[in-house]
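Trainee: I'm new to this one. Could you walk me through it, a piece at a time?

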Amino acid sequence: QVQLVESGGGSVQARGSLRLSCAASGYTYGSYCMGWFRQAPGKEREGVARMFTGDGSTYYADSVNGRFTISQDNAKITLYLQMNSLKPEDTAMYYCAAANTGAGGYGHTRYAGCTFNYWGQGTQVSVSS
């Protein structure tokens, strides 16, 4: 079991910045991949960025590449998403997710080479023009 809790969302004007955090607990050693997803009203959930926890390699959606940065602390307990040059179209609920090798989990979603099976509750990001 992995528990994920996001924080750091809020309201910001266009071209502003926010940093999201995700605190992970439980069987985190089995998480080979961590990522961020988002879902805007009336749209499907989409992948934003992911990081392999082993070598730190990253992948970004085209829509955020060059503006967002995913990172993790050395203890691999907290995941971050630094969001710069925010646009109104970035408005969404943002979810932290873990791809864990342990049995179980839910909402299995394949993205950028990882199968995510644990999810946080989400944090809202609103960007005004």
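Trainee: Is Ala 61 buried or exposed, and what is its relative accessible area?

Mentor: Here, buried means under 20% relative accessible area, exposed over 50%, and partly exposed in between (1.4 Å probe, protein chains only). Ala 61 sits in the loop between β6 (58-60) and β7 (68-72). Its value falls under the 20% cut-off, so Ala 61 is buried, at 14%.

Trainee: Before we go on, what kind of model is this?

Mentor: Residues are numbered from 1 along each chain as its sequence is written, and side-chain values use heavy atoms, with hydrogens and water left out. Local features need pLDDT of at least 70 and side-chain atom pairs count only at pLDDT 80 or more, while totals for chains, interfaces and linings use all residues, as this is a predicted model.

Trainee: Which residues does Ala 61 contact, leaving aside neighbours within four places in sequence?

Mentor: Contact means heavy atoms within 4.5 Å. Gly 16 is 45 residues from Ala 61 along the chain, and their C-alpha atoms are 19 Å apart. With neighbours within four places set aside, the contacts of Ala 61 are Gly 47, Val 48 and Tyr 111.

Trainee: How many helices and strands are there?

Mentor: Both are DSSP runs numbered from the N terminus: helices are H or I with at least four residues, strands are E with at least two. Going by that, the protein has zero helices and 13 strands.

Trainee: Which strand gives the most to the largest nonpolar core?

Mentor: A nonpolar core is a set of buried Ala, Val, Leu, Ile, Met, Phe, Trp, Tyr and Cys residues joined through side-chain atoms within 4.5 Å. The largest one has 39 residues, and Trp 36, Met 83 and Tyr 94 are among those with the most contacts inside it. Seven of the core's residues come from the top contributor, strand β9 (residues 92-100).

Trainee: Arg 15 and Ser 85 both caught my eye. What is the relative accessible area of Arg 15, and what is that of Ser 85?

Mentor: Arg 15 lies in the loop between β2 (10-13) and β3 (18-26), and its phi is positive, near 80 degrees, though it isn't a glycine. Ser 85 is in the loop between β8 (78-83) and β9, and it too is a non-glycine with a positive phi, about 50 degrees. Arg 15 is exposed, at 72%, while Ser 85 is partly exposed, at 41%.

Trainee: And what share of the whole protein is buried?

Mentor: The C-alpha atoms fill a box of roughly 45 × 30 × 25 Å along the principal axes. Out of 129 residues, the share that counts as buried is 47%.
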